[in-house]
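Got the viewer open? Let's take a walk through this model, one selection at a time.

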Amino acid sequence: MPPSTSSAITLNINGEKYTLPVDHRTTLLDALRERLDLTGTKKGCDQGQCGACTVLLDGRRAVSCLQLAVAAEGREITTIEGVADGDELHPVQQAFLDLDGYQCGYCTPGQICSALGVIQEHAAGWPSAVTDDVRPEAGPPPLTADEIRERMSGNLCRCGAYVSIVQAVARAAEAEAETAADDARTGTEAAI
Amino acid sequence: MTTATGTPAVTGAVGTAHTRVEGLAKVTGAARYAGEIPFAEMAHGWLVLSTIARGRISAIEEDAVLAMPGVLKVLHHGNAPRVDTDYTGLLGRPDPTIAVFQNDRVPYLGWPVALVVAETSEQAREAAEALVVRYEEEPHDVVFAAGRPGTYTPDGSAAQKGDVEAELAASEFVVDAEYTTPEEHHTMLEPHAAMARWEDGRLEVVDSNQSTMWVAGELANLFSLDPSSVRVRSEHVGGGFGSKGVRVHQVCAVMATTAIHRPVRVVLTRRQMFSLTGYRSPTAQRVRLGADPDGRLRAFAHESQNLTSTVHEFVEPSATVGRVMYDADAHHTVNRVVRLDVPTPTFMRAPGEAPGSFAMECALDELAEQAGIDPIALRVRNEPDVGPLSGLPFSSRNVLSCFEEGARRFGWADRDPRPGVRRDGRWLLGTGMAAAAFPSNALPSTASVTAEADGTFTVRINAADIGTGARTAITQIAADALRVSPGRVRTRIADSDFGPAGIAGGSMGTRSWGWAVTVAADELRERLALGGTVPPEGITVRSDTTEAVGALAKKERHSFGAQFAEVAVDVATGEVRVRRMLGIFAAGRIINPLTARSQLVGGMIWGLSMALHEEAVRDAASGGHVSPDLAGYHFAANADVPVIEADWVDDEDPDDPVGIKGVGEIGIVGAAAAIANAVWHATGVRHRHLPIRPDRVIVAGTGTGSATDAVTSDVAG
């Protein structure tokens, strides 16, 4: 008997478990879009060149078109459908909406997922190609417009919404930093 | 049931920033594009493209593929339904290459020779890749060059007055320069996708396009169907830029659903898009300017040449923009074409104006340099009162206000005109400017506006929102006409059953649709003002602007603008960085400042991308593209784009009910020229060939010549 070309897998997406049989050739992107009806993740090139299919895998950015669905088993997958908290938009989503960080909207879910990754990576102290001081003790560089441009360059936008995308990421990062500071303060007060 | 009167009148939506009405759906991933709407029993089609550039198909070995798992059908010229291309559609005669599988001829590399239909897209793709197609290959010719044999002048593509040679001879200053622009691709992020099915005797197509009326009409013609039996919808469109009209994916989906009696979806791959969805032709242009000592133009001559396929003529009218922009005693403009074994090019954002303004506005800058006149002053000196060739009045022409406002905000007055004298570390710095113009037209449209019993309103118009913000602008326009808040207006678009309306193209969309919506909403408001109650089915008023649009007085109707750019050039690495751009536009009344600014800035980014990055390279040996993907074809990424500002001056169109002109394309016009002129100002070298690649900058920067144009090099000391 020839080896099977499909398997039943369980994917953990946005906190929910989905069990499905998949053809081993199926990418995570196609599993999301074609099998699970999670079409918010977009297919712009299917070659890892445009970033439209960006999702978070265990909190880190990944292009889902270059990931086989079978290899995503056991990982925590966050797609655009899982970014908002119920009806309340995530600050990144709200900033894209308010500042018009998009036009046609097709690259937008990937941009937003990527922005979530950027804000976390930056907070964790990861340098980028435009970071002046990359010594570990230097700490996170200021999240300047140049830092955002560099870090968001894996997500192409043909409509040319980059200027407002940069503004939206900056605004959301500030909001998150303020929230984190508030949380830290509350935490300190509680400890006292 | 509610009373129709009694609510206070609200206006002021137009001109106020509004976030997109479909914004929530877009930022949450809920907005479904054409390839994302599920249908029961749907099969998947995958295209097989020719691997030769010219010849005949001698065999398609389908039997092996038909035996593969899940394969339902292999469509090809031996079994596909016949279609008719002998018709005149909305935009003229169709490109015959949309009629796939009709014969064994191969007109270019990457042309569909078969469609494999299977249960899943993986099965369809594997079978498509396994399908053996045999060819009788013939020699092909894909090499485009200025003046190459076979170049011809299509009827009606030249315009002239006066004797250019005589005026050039009498001129104090003469510029005679050749410019080229490469093949460029739309590369919108959403690939073309369509689902077709037969439902209750009608053909239903869910597609991503710039006009469902256009696509429905073409499909009805191609398949000899009653137009009323075709319904095309296109709710969300992931970018169009001129490429999303009738394309082979829709034709294939219709053929396949007809053959297998199930819904069929065909989605193009990114690589397939490079040969199947149109592109901007490369251009070879020559501009000759002759001027008096004070800079007044005596002669203006602009010749442009582009390529087209062997089977369909497409003219990229690059030489046409000067007919509006500048007057001269002698004025000659002509667009020429050469037929090659390539796909047919098509409209791409500002067709003609984008490449044409690059050549023309760079030539003006060269004249300003020669004559020792400021580039803005030179343009002011040549500002026409009426259409230079038509003699018609302008509906409005506020380009001087754009220069003035732009110069003030950019800091132009402090500019030292000398090239190659500013330095910031390894960077040479320069600034440049250019003018912009793009036609402002309207297309006849129909609309309906319904007063609902619950006090809300529903607008139905066959518009397309390809990222322009049209849905939101229409909502604002309707709200003002109805004197209610936009929150009470629901706008439904992109359904061919709504009736005819203009296309989302040529910067005509919002103007055309806004007109029809205003007429219907005005009448509805007047009817409701009479009092009474709204019945459960609502009160609907319909409009048709055919007569009103046709009655517009003949005028020169255009948007205008002024583009400014600052660049930094490292002549050692060849790197060019745009540091800032400013565009000031006179583009009619701005409906939604938030989304209009996005469109204008987006257009300017296209100009930046055109100036520095974009270039599709065709391989003469194979006849196909080198690296047809988003890595091989680079358009501006986030890190390529600096702070870019766009703004506008008052410029209401007095003949439009809403005052609109259109903002979709004007942003790209002149932008590449402003950057190229800034590169000259930084380095003293004229770059007349786009894109301004690092290798071209390095070669020019070392003093061996002006890029590939050594004869006319002008390298600063």
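Start with a pair of residues in chain A: select Ile13(A) and you'll find it standing opposite Glu16(A) in strand E2(A). Keep in mind as you look around that this is a predicted model.

**The sheet in chain A**

Now widen the selection to strand E1 of chain A, residues 6-13, together with E2(A). The two strands run antiparallel, and eight bridges join them. They belong to an open sheet of five strands with mixed pairing, and reading across it in chain A you meet E2-E1-E5-E3-E4. Why do E2 (16-23) and E4 of chain A each have one side without a neighbour in the sheet? They stand at the edges with a single partner strand each, so there is nothing beside them on that one side. From one strand to the next, the twist averages 40°.

Next, select residues 108-123 of chain A. That's helix H3(A), which lies across E3 and E4 of chain A and runs at about 35° to E3(A).

**Chain A as a whole**

Zoom out until chain A fills the view. How many helices and strands does chain A have? There are five helices and five strands, and from the N terminus on they come in the order β-β-α-β-β-β-α-α-α-α. Taken along the principal axes, the C-alpha atoms fill a box of roughly 65 × 45 × 40 Å.

Try colouring chain A by domain: the domain assignment gives domain 1 as 6-82 and domain 2 as 91-191. The C-alpha centres of these two domains of chain A lie 23 Å apart. Where they touch, domain 1 of chain A puts in 15 residues and domain 2 of chain A puts in 13 residues. On the domain 1 side, strands E3 (54-57) and E4 (60-63) of chain A each supply at least two residues. The largest share of that side, three residues, comes from E3(A). By class, the domain 1 side of this contact in chain A has six nonpolar, six polar and three charged residues.

**Over to chain B**

Show both chains now. Where they meet, 44 residues of chain B are in contact with 49 residues of chain A. Which elements of chain B each supply at least two residues of the side that touches chain A? Select helix H1 (23-28), helix H3 (121-130), H15 and E24 of chain B, and you have them. H15(B) gives the largest share of that side, seven residues. The chain B side of the contact holds 22 nonpolar, 15 polar and seven charged residues.

**A hairpin and a crossover**

Stay in chain B and follow H15(B) to the strands it connects. Begin with residues 558-570, strand E22(B), and residues 575-586, strand E23(B): they pair in the antiparallel sense over eleven bridges. Within this pair, Glu566(B) stands opposite Arg580(B) in E23(B). The two strands form a hairpin with four residues between them, and Gly574(B) in the turn has a positive phi of about 80°.

Then add residues 643-648, strand E24(B). E23(B) and E24(B) run parallel, joined by six bridges. Keep Arg580(B) selected, since here it stands opposite Val643(B) in E24(B). To get from E23(B) to E24(B), the chain crosses through helix H15(B), residues 593-612, in a right-handed β-α-β crossover.

**Two helices side by side**

Select residues 353-371 and 671-683 of chain B. These are helices H9(B) and H16(B), which pack at an angle of about 35° with their axes 8 Å apart. Their crossing is right-handed. Show the side chains of the contact: H9(B) brings Ser357(B), Phe358(B), Glu361(B), Cys362(B) and Asp365(B), while H16(B) brings Ala672(B), Ala673(B), Ala676(B), Asn677(B) and Trp680(B). By class, that comes to six nonpolar, two polar and two charged residues.

**Last stop: a four-stranded sheet**

Still in chain B, look for an open sheet of four strands with mixed pairing, in the order E20-E19-E18-E21. Its edge strands are E20 (489-493) and E21 (539-544) of chain B, each pairing on one side only. Direction ignored, neighbouring strands of this sheet are turned by 15° against each other on average. Select E18(B), residues 446-451, and E19(B), residues 457-461, to see an antiparallel pair joined by five bridges. Here Ala451(B) stands opposite Phe457(B) in E19(B).

Finally, add two helices. H12(B), residues 470-482, lies across E18, E19 and E20 of chain B at about 135° to E20(B). H13(B), residues 509-529, lies across E18, E19 and E21 of chain B at about 35° to E18(B).

Definitions and conventions. Residues are numbered from 1 along each chain as its sequence is written. Chains are lettered from A and ligands numbered from 1 in the order in which they are written. This is a predicted model: local features need pLDDT of at least 70, side-chain atom pairs count only at pLDDT 80 or more; totals for chains, interfaces and linings use all residues. Two strands pair if DSSP finds at least two bridges between them. A crossover is right-handed if, with the strands pointing away from the viewer, the path from the first strand over the helix to the second runs clockwise. Axes are lines fitted to C-alpha atoms, for helices over the stretch in contact, and angles run from 0 to 180 degrees between N-to-C directions. A crossing is left-handed if the near helix is turned anticlockwise from the far one by less than a right angle, and right-handed if clockwise. Two residues are in contact if their C-beta atoms, placed from the backbone, lie within 7 Å. Ala, Val, Leu, Ile, Met, Phe, Trp, Tyr, Cys and Pro count as nonpolar, Asp, Glu, Lys and Arg as charged, and the others, Gly among them, as polar. Domain bounds come from an automatic or database domain assignment.
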